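Visitor: Could you walk me through this protein? I'm new to reading structures, so please explain the terms as we go.

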Amino acid sequence: MTNMSGGEALAKSLVREGVEVVFGIPGIQIYGIVAGLRDEPGIRMITTRHEQATTYMADGYARASGKPGVALVVPGVGLYNAASGLANAYSRSSPVLLIAGQIPRGAMGKNIGAVHEVADQPGIVRSVTKWQRLAMRPKEIPDTVFEAFRQMRTGRPRPTLIEIPPEVGVETEEVALRNPARISRIVPSPEDLREAARIIARSRLPLIYAGGGVARSDAEEALVKLAEATNIPVITSSGGKGTMPDGHPLSYGSCFSPRGEIQEMNQLYEVMQSADVVIGIGARFSLGNPAGDASTLVNINIDDSELTRVQSNTIPLHGDARATIDALIPYLIEAGVGERPSPAEAVAAARSLIAYYDIGLREPQYPVIEAMRRGIPEDAFVVWDINQLSFYARTHWPVNHSKTYIDAGYSFNVGYAFPTALGVKVAKPDRPVLCMVGDGGFMFNASELSTAVKYGINVVTVLFNNDSYGNVARDLEESFAGTYETDLHNPDFVKFAESFGAVAMRANDPMELETLIPLALEREDPVVIDVPLGDMPIPPAPQFAPLYNLPWTMPQEGLIVS
């Protein structure tokens, strides 16, 4: 045991867990923590311009590196501001630790108006955190950090919260530091694996549906091995994009097409529905990606609450994705699954049909996506905000490197992409990182250009500019007989970016991105490319009803309609 302050105990505990960077804002009630980080050579702190960016950057860092990301904020309003990043990380099962200050111990729960006081502070983010704890003394900090990281590294990884009152950061006492927890991967029983193998071996049209849990488990190689050993083709969710390379002959691709015409849009949907056995791996089977009602679902998931939630005819395999795949393959080979003929020809035909409709319908998104593809290296990380191209990219942006496609998941946070991309670049400084964002979303966190320039975080931001919240304007126009207050007043984005010291470019046409992006990637500075963008229509919402039955555009069954 060593005598040290709570701030020192926190910094040293984080180092033992492998933390190298903390995203935060120095402020009252966390001064002792900040001093501890300052004096710890193994950690650097990146200061953002808004608390919202701390958790977004930590999320980007976690998703790119596979290691937990750490954020630091003051209590009360600081935690409120950081909550949107936690919601995003929660939706994508991303391990983010948020360290929040607290008011003094003696003032807690008394409602006396202490600075930054809010009632039930952890309750603010309880629904978007997996685990929470308050450390009331310096000696409690090592155990608290130990458990926070154990929680993020076991089961389903999701955000955790540690609260520390201000005096704990500066008080000193004997502290015993801890080493990280030894983590064992969960594997289903041999009996369950053998039963699943028998079901799969008897199937006529099996299919693998790979979700984000494959990447969280670093199970990408195991997934490819499973597909090749069994000749079972793969569809990936948007969260699982890249876990099976889109260029692999057994890969159908990702997600589902955004079109409304059923005969054209549902190639992947129909593949999914026609499968008699679906092997789900680390997938939630949420809105828009169902297994067929008549199929048997062999469901591999580390989150036991997800195992039988979708349908009754499920073979649940509670386990880590990588360890479970590795354990299942021998049983599948023993059951004769490896003798199945290759479906590569059928997969190629389906993908060709999807590509045919892409070109035949001449959707405006298609040529823009193709131009960007030609200008972006295959191993680049691409972070997509919520904009008129990102919905299209969920299906049509090809990904051959795992973890390189990053989106907001079901949280759908507008404006998250720019700070998240900065976190990705901090984790992977030697890899190209691009942010794809609309003008509306970019302005949510545009002040983080200051952070990018200060720390040399050289992200290339492709800013699609139509002076409006374009998706909302389109939906209101098509489904509610007219838009309302969706127009925006923007700065000159070139001058705006240059005022921070960033490099700025302006495209005359989106097709120029094919040449502008490579030029931007050559620069050793943050770059913003201002790109004019016209309307990007999608089929009217009612045409989505067979898949989504979108409740925000039409009355639902059981409601009174006047």
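Guide: Let us begin with a term: two residues are in contact when they have heavy atoms within 4.5 Å. This is a predicted model, in which local features need pLDDT of at least 70 and side-chain atom pairs count only at pLDDT 80 or more, while totals for chains, interfaces and linings use all residues. Residues are numbered from 1 along each chain as its sequence is written, and side-chain values use heavy atoms, with hydrogens and water left out.

Visitor: OK, so what is Asn413 in contact with?

Guide: Setting aside neighbours within four places in sequence, Asn413 is in contact with Tyr56, Ser84, Asn88, Asp385, Ile386 and Ala408.

Visitor: And is Asn413 buried or exposed?

Guide: Asn413 counts as buried because its relative accessibility is 8%, where buried means under 20% relative accessible area, exposed over 50% and partly exposed in between, using a 1.4 Å probe and protein chains only.

Visitor: Switching topic, which residues touch the most other members of the largest nonpolar core?

Guide: They are Phe23, Leu98 and Phe442, in a core of 51 residues; such a core is a set of buried Ala, Val, Leu, Ile, Met, Phe, Trp, Tyr and Cys residues joined through side-chain atoms within 4.5 Å.

Visitor: What does Phe442 contact further off in sequence?

Guide: Beyond four places in sequence, the contacts of Phe442 include Phe418, Val437, Leu449 and Phe493. Apart from that core lies another, of 32 residues, with Ala197 and Ile300 among them.

Visitor: How much of the whole protein is buried?

Guide: Of the 562 residues in the protein, 58% are buried.
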